[in-house]
Amino acid sequence: MHKDEAWEGVVAGKSRNMPDGSNLYHYLKVTFTDGKTRKVRVEGSLWESVSPGDQIVKRAGSDPVKK
C-alpha cells in the first residue's frame, strides 16, 4: 500500500503475522469496490476496531480508516 493510493472496500478477513520473530504485523483482507481482493497491512488500532463486513476507506496521503 502506498501513501498516494486511494480506495474503498469491505473487510473480508483479518490476520496477524510475526515473520521476523520480533514484530507483529496486522493485515486485513479487503474486497475493493471493483471486486478485487488484496491483503493490506494496517495499524493495530484499526485492526482491532474492525470486523469482517465493515467498510474501510483510504484517501490519498492518509492511512485507512473505518467508514
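This report walks through the sheet, the nonpolar core and the salt bridges of a predicted model.

## The sheet

Let's start with the overall strand layout. Five strands build an open sheet, and their order across it is β3-β2-β1-β4-β5, with antiparallel pairing. The two edge positions belong to β3 and β5 (65–66); each has a single partner strand, so one side of each has no neighbour in the sheet.

On the β1 side of β4, the two strands pair in the antiparallel sense over 4 bridges. Trp7 is a handy residue to click on here, as its bridge partner in β4 is Lys58. On the other side, strand β4 (residues 55–58) is joined to β5 by 2 bridges, again running antiparallel. Here Ile56 has Lys66 as its bridge partner in β5. The hairpin of β4 and β5 has 6 residues between the strands, and Gly61 in this hairpin takes a positive phi near 85°. If you like checking backbone torsions, Gly61 is the residue to look up.

## The nonpolar core

Which residues make up the largest nonpolar core? There are 11 of them: Trp7, Val11, Leu28, Val30, Phe32, Val40, Val42, Leu46, Trp47, Val50 and Ile56. At least two residues of this core come from each of β1, β2, β3 (37–42) and α1 (44–49). Strand β2 gives the largest share, with 3 residues. As background, nonpolar side chains in soluble globular proteins tend to be buried together.

Val11 offers a good view of this core. This residue is found in strand β1 (residues 7–17), and it counts as buried because its relative accessibility is 3%, under the 20% cut-off. Beyond its neighbours within four places in sequence, Val11 is in contact with Leu28, Lys29, Val50, Ser51, Pro52, Gly53, Asp54 and Ile56. Phe32, also a member of the core, sits 21 residues from Val11 in sequence, with a C-alpha to C-alpha separation of 8.9 Å.

## Val40 and His26

Val40 is another core member worth selecting. Not counting residues up to four places away in sequence, Val40 touches Trp7, His26, Tyr27, Leu28 and Val30.

One of those contacts, His26, deserves a look of its own. His26 has its place in strand β2 (residues 25–32). Is His26 buried or exposed? With a relative accessible area of 13%, His26 is buried. Setting aside neighbours within four places in sequence, the residues in contact with His26 are Ser15, Arg16, Val40, Arg41, Val42, Gly44 and Trp47.

## Salt bridges

The model has 5 salt bridges in total, and several of them are described here. Glu8 pairs with Arg59, with the closest N and O atoms 3.7 Å apart. That pair links distant parts of the chain: Glu8 belongs to strand β1, while Arg59 is in the loop between β4 and β5, and their positions lie 51 residues apart in sequence. Glu8 also meets Lys67 in a salt bridge, at 2.9 Å from N to O. Because Glu8 lies in strand β1 and Lys67 in the segment after β5, this pair ties together parts that are 59 residues apart in sequence.

How accessible are these partners? Glu8 counts as partly exposed at 26% relative accessibility, and Arg59 is likewise partly exposed, at 48%. Lys67 is exposed, with a relative accessible area of 56%.

Another salt bridge brings Asp54 together with Lys66, their closest N and O atoms being 3.7 Å apart. The two are 12 residues apart, with Asp54 in the loop between α1 and β4 and Lys66 in strand β5. Lys66 is partly exposed, having a relative accessible area of 43%. Through shared partners, salt bridges join Glu8, Arg59 and Lys67 into one network.

How values were computed
Residues are numbered from 1 along each chain as its sequence is written. This is a predicted model: local features need pLDDT of at least 70, side-chain atom pairs count only at pLDDT 80 or more; totals for chains, interfaces and linings use all residues. Side-chain values use heavy atoms; hydrogens and water are left out. Buried means under 20% relative accessible area, exposed over 50%, partly exposed in between (1.4 Å probe, protein chains only). Contact means heavy atoms within 4.5 Å. A nonpolar core is a set of buried Ala, Val, Leu, Ile, Met, Phe, Trp, Tyr and Cys residues joined through side-chain atoms within 4.5 Å. Two strands pair if DSSP finds at least two bridges between them. A salt bridge is a side-chain nitrogen of Lys or Arg within 4 Å of a carboxyl oxygen of Asp or Glu.
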